[in-house]
Amino acid sequence: MDKQISELIGDSRLRSRIVTAETAASWIKDGMTLGLSGFTRAGDAKAVPFALIEKAKQQPLKVNVYTGASLGSDVDKMMAEAGIINKRLPFQADSVMRKKINQGEILFIDQHLSHTAELVRSDVLNPIDFAIVEAVSITEDGMIIPSTSVGNSSIFVKKARHVIVELNTAQPKELKGLHDIYEVGKQGKREPIPLTKVDDRIGTIGISVDEDKIIGIVLTNQLDSPSTIVPPDAETAAIANHLINFLRKEVAAGRLSENLAPIQAGIGSVANAVLYGLLDSEFSNLEVYSEVLQDAMFDLIDAGKVRFASGCSITLSQNKMKQVYSNLDAYRDKLILRPQEISNHPEIVRRLGLISINTALEADIYGNVNSTHVRGTNMMNGIGGSGDFARNARLTIFVTKSIAKNGAISSIVPFVSHVDHTEHDVDVIITEYGYADLRGLAPIERAPLIIENCAHPDYRPQLREYFKEALKRGGQTPHVLEKAFSWHIHYEKYGTMMEPKYQLQTQQ
Ligand code: COA
């Protein structure tokens, strides 16, 4: 056996279990449930899912697929195209899979990312037949060292009937030592999670496993797919500016110190751009307790702005991947990767008092936020971890551009068409026009602030009129119910949310 490989599999008994991806895929039968590693395109099982897709061309089958979050390497796309998925949870972000979900061909459970492990642990979900997890090595005492994400791998390995390890030699083996795997134990019998600072190490460097469960080790050599983040634009830069001004106000009021509070920033282009805004700010010595660590995070570390970042996956663009992975030792004392149950745990989010920044598809005039459903019906990606953080953070901030689809859609609407984050959880809404600080305000105080500070100027008159009419009807949270979704209906019928009389006004 290749010397390098035998070094990566510390326990000699396991070395005889190396199999091809095709052999591993041949063990998977119709109706089974798989727990795959992978979180936001990072550290995903690659070879066995591909082999399974090939196998399904000869022997059609359907499986349930649980993951950490979205998969890279087009695995979600190809599994969706091959029609091999019955049920998928807890998150995805692929356009083909999204389409199949919205056509009803794939059953999708959109889950808070910290909840999946609890449901697996307590045997609520279908039992997992195979955990298939990517690793950079297996230690002498049989611990699986994950690669670029931890996600739900530890609970999948613990609960699955069998474990298949994809040993990926393309991933840097120096990742060993960056992970911190902690198991919370059963509900009702567990102790408080002993994590009081973002850089606390509370667990082990790898996933402990009963070695008899590892029935196959598949050798692979493929890097993660690079992230698809687009660079900041004028609007996202403006959003970042407003965020920084808001944070300055909090510091001036003595509610935050100069190094703020641990930051969580969500996925997507807007959240990434917002982090870039911190690069040029006066804030430094920052701490991060987040889920996905994207490009901007590493720029902030390199610039000395971020002291320490705790996450659950590293998802980078191609160039950034090269730079970071060839220089991992420089980040060793500045990074930790944890299971998503811990990175997103409400107990810790509340204890650390996070500043949580996530992206909305739309928000309404009272502060409810929709992050997932286009026009209340079609799934975009999923709630991800945004709800884990939003309910429990010290400061819950949602960012969004004020309009979408060239202005045909207003991101500020009378009533969101689906509620992911209720008005009770949302502290601040920011668009490129400004921010609305909703804390301590009653619904009728919030609406004018959101309309005047956050909505696109072209949509403000239409929003003002809605609110005025709603006020006449009275109530704690005034609405004109028959018109509450009229904006979405108007878009479906005419391709724009703007009513004709306001279209005329904006043309004048
Ligand atoms: N109605 C319909 N479509 C809308 C919309 C709205 N109100 N607002 C935005 N969109 C569309 C955009 O036009 C864009 O479409 P395209 O892909 O066809 O270009 C798409 O949604 C993405 O919008 P974009 O402005 O590029 O934002 P993004 O890349 O930052 O993603 C979310 C935004 C909300 C989709 C993404 O952040 C997400 O999935 N969030 C939920 C999960 C989450 O918050 N996880 C983090 C927890 S740690």
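Which residues come nearest to the ligand, of the 23 around it? In this predicted model, the residues that come nearest are Q264, L361, M380, N381 and K405.

**Ligand surroundings**

The shell around the ligand comprises nine nonpolar, 11 polar and three charged residues. Two secondary-structure elements, helix α10 (269–279) and strand β17 (355–359), each contribute at least two residues to this shell. Polar contacts to the ligand are made by L361, by N381 and by K405. The contact of L361 involves a polar backbone atom, whereas N381 uses a polar side-chain atom and K405 an N or O atom of its side chain. On the ligand, the partner of L361 is a nitrogen atom; the partner of N381 is an oxygen atom, and K405 likewise faces an oxygen atom. The distances are set out below.

| Residue | Protein atom | Ligand atom | Distance |
|---|---|---|---|
| L361 | polar backbone atom | nitrogen | 2.9 Å |
| N381 | polar side-chain atom | oxygen | 2.7 Å |
| K405 | side-chain N or O atom | oxygen | 2.8 Å |

Taken alone, the ligand exposes 970 Å², of which the protein buries 77%.

**A three-stranded sheet**

An open sheet is formed by three strands in the order β19-β18-β25, with mixed pairing. Its edge strands, β19 (369–370) and β25 (412–413), each pair on one side only. Strands of a sheet pair through backbone hydrogen bonds, in either a parallel or an antiparallel sense. Here β18 (residues 362–364) and β25 run parallel where they pair, over two bridges. Within this part of the sheet, D364 has V413 of β25 as its bridge partner.

**Aromatic rings**

Pairs of aromatic rings are described by the distance between the centres and the angle between the planes. With ring centres required to lie within 6.5 Å, the model contains five aromatic pairs. A charge also sits over a ring: R460 lies over the face of Y433, at 5.6 Å from the ring centre.

**Backbone features in loops**

Two loops carry backbone features of note. What kind of peptide bond joins L89 and P90? The bond is cis, with omega about 0°. P90 belongs to the loop between β4 (85–89) and α6 (95–102). The second feature concerns T40, a residue other than glycine with a positive phi, near 50°. T40 is placed in the loop that lies between β2 (33–36) and α4 (47–58).

How values were computed. Residues are numbered from 1 along each chain as its sequence is written. This is a predicted model: local features need pLDDT of at least 70, side-chain atom pairs count only at pLDDT 80 or more; totals for chains, interfaces and linings use all residues. Side-chain values use heavy atoms; hydrogens and water are left out. Rings of Phe, Tyr and Trp (its six-membered ring) pair if their centres lie within 6.5 Å; planes under 30 degrees apart count as stacked, over 60 as edge-to-face and the rest as tilted. A charge sits over a ring if NZ of Lys or CZ of Arg is within 6 Å of the ring centre and within 35 degrees of the ring normal. A residue is near a molecule or strand if one of its heavy atoms lies within 4 Å of it. A polar contact is a pair of N or O atoms within 3.5 Å; within protein, one must be able to donate a hydrogen and the other to accept it, and residues adjacent in sequence count only if both atoms are side-chain atoms. Accessible areas come from the Shrake-Rupley method with a 1.4 Å probe; for residues, only the protein chains shown count as cover. Helices (H or I, at least four residues) and strands (E, at least two) are DSSP runs, numbered from the N terminus. Ala, Val, Leu, Ile, Met, Phe, Trp, Tyr, Cys and Pro count as nonpolar, Asp, Glu, Lys and Arg as charged, and the others, Gly among them, as polar. Two strands pair if DSSP finds at least two bridges between them.
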